[in-house]
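Visitor: I'm new to this one. Could you pick a single part and take me through it slowly?

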Amino acid sequence: MKKHIRILMVEDDPADAELIKHALRKDGLSFVLERVETGEDYLRVLAKTPPDVILSDYALPTFDGYAALAIAQKNCPEVPFIFVTGTMGEEVAIETLKNGATDYVLKLRLSRLAPAVLRALREAGERAERKRALEQLRQSHEQLRALSVYLQHIREEERMRISRAVHDELGQALTGLKIDLSWLSHRLPPQSNRLIEKARVMSSHIDETIETVRRISTELRPGILDHLGLVAAIDWQATEFQTRTGIQCRFAHALDQAVLDENLNTAFFRIFQETLTNIIRHAGATLVEVDLYEEAGRLILEVRDNGRGIRREQISNVKSIGLLGMRERAALFGGEVRITGTPKKGTSVTVSIPNRSSPRSNKRTHENPYRRRSRGSTAWLEADSRR
Ligand SMILES: Nc1ncnc2c1ncn2[C@@H]1O[C@H](COP(=O)(O)OP(=O)(O)OP(=O)(O)O)[C@@H](O)[C@H]1O
Ligand SMILES: [Mg+2]
């Protein structure tokens, strides 16, 4: 069945109202129309059921078109509002369109009315459809983000569990083995040189394996992050990176107090690891400078390398999963990651996240972070003030 268009008409002159209805019918529109003359009636009808379209005269004895438009904008902004009026100067017409009117039709040109109504309805339908699609997109984005939080959390917990199990169980078993071997080798007859040598080699293999177990456990989740905090963990990772790659890595920080939020620490640390991995894989750098400081209630980590410099299209490439992961991690805490690159000069990654654990977050400090910066290991600053 064809749906009737529900029209609310604001018009004081019954003869004009008839002419308008006639014009609409003539063009084949099927509609139900309610006519009001006063502000009270207008509000009453709007509150009952918002119409599909509002047609309003401009000048009425007890009510005016501007007020009708303002009320419609407030109560049902999605309903198209068309002025149908005897006269309307161009300036007034432009002003009404600016204020949210969909269109205006002069009573002398009522043949324009039906096409104007149909177009307004079509556009309103498209707007509603777009709004629905955007809302769906927003919802699914939110769901994905929630899923991402959940997965990150599980992943981190799992890493911590495996790291502890590897460290405690394998580590202890190997240490026990080493003690037993030492006990045994002390009881070997002094002349059994081959056995003594074998025991020595075995002992050194056990030492290497203990070292490997320790390394694997630390790579999974550095205990230092949980026990000594972010500054110590970044300091440790920077030193590890330098030792392993030969790329010089300088770390400076200016934090007045510990970052107490464990999840925030993890986010910063994992983002830092990803930037280092990228530097190893892509930068061709010889120097990396790392700064960690607090500014205006935000924790900021800057990692600059002097390599080939990331290109603009690489930064915005949706397939850059590593960069996307860094941005997502920061976004989960209301933060952001800025990446810039200069050809042959290097790449700079700046992570900025509101410090939820800082009593001063939201306050501006106005301090130059570089002034108070200290070099070297002041990790105890963080360690001491933790819980
Ligand atoms: N420090 C850097 N210097 C130069 N180019 C970089 C740097 N970091 C990233 N890039 C460029 O940006 C691209 C995207 O980085 P991203 O971390 O997203 O992906 P990836 O490292 O190639 O793979 P993965 O998803 O395993 O991390 C890289 O492929 C590289 O070309
Ligand atoms: Mg990467």
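Guide: Let's look closely at helix H11 and what lies around it. A word first: this is a predicted model, where local features need pLDDT of at least 70 and side-chain atom pairs count only at pLDDT 80 or more, while totals for chains, interfaces and linings use all residues. Residues are numbered from 1 along each chain as its sequence is written, and chains are lettered from A and ligands numbered from 1 in the order in which they are written.

For the setting, the protein has 12 helices and 11 strands (DSSP runs numbered from the N terminus: H or I of at least four residues for helices, E of at least two for strands). Its C-alpha trace spans about 125 × 50 × 40 Å along the principal axes. Of the 387 residues, 27% are buried. Here a residue is buried if 20 or more other C-beta atoms lie within 10 Å of its own, exposed if 12 or fewer, and partly exposed in between, with C-beta atoms placed from the backbone.

Now to H11, which covers residues 321–331. Its buried residues are Leu323, Met326, Arg329 and Ala330. Looking down the axis of H11, you'd find them within an arc of 125 degrees, so they line one face of the helix; the arc is that of the directions from the helix axis to the C-beta atoms.

What sits over those residues? The cover includes H5, helix H9 (262–283), helix H10 (312–316), strand S9 (336–342) and strand S10 (346–354), counting two residues as in contact if their C-beta atoms lie within 7 Å.

H11 also takes part in the surroundings of ligand 1. In total, 15 residues surround this ligand, the closest being Asn278, His282, Ala283, Ser320 and Gly322 (a residue is near a molecule if its C-beta atom, placed from the backbone, lies within 6 Å of it). The elements giving two or more residues to that shell are H9 and H11, and H9 brings the largest share, 5 residues. By class, the shell has 5 nonpolar, 7 polar and 3 charged residues: Ala, Val, Leu, Ile, Met, Phe, Trp, Tyr, Cys and Pro count as nonpolar, Asp, Glu, Lys and Arg as charged, and the others, Gly among them, as polar.

Finally, back to the two covering strands. The loop between S9 and S10 holds lysine 344, a residue other than glycine with a positive phi, near 65 degrees. Lysine 344 is exposed because it has 10 other C-beta atoms within 10 Å.
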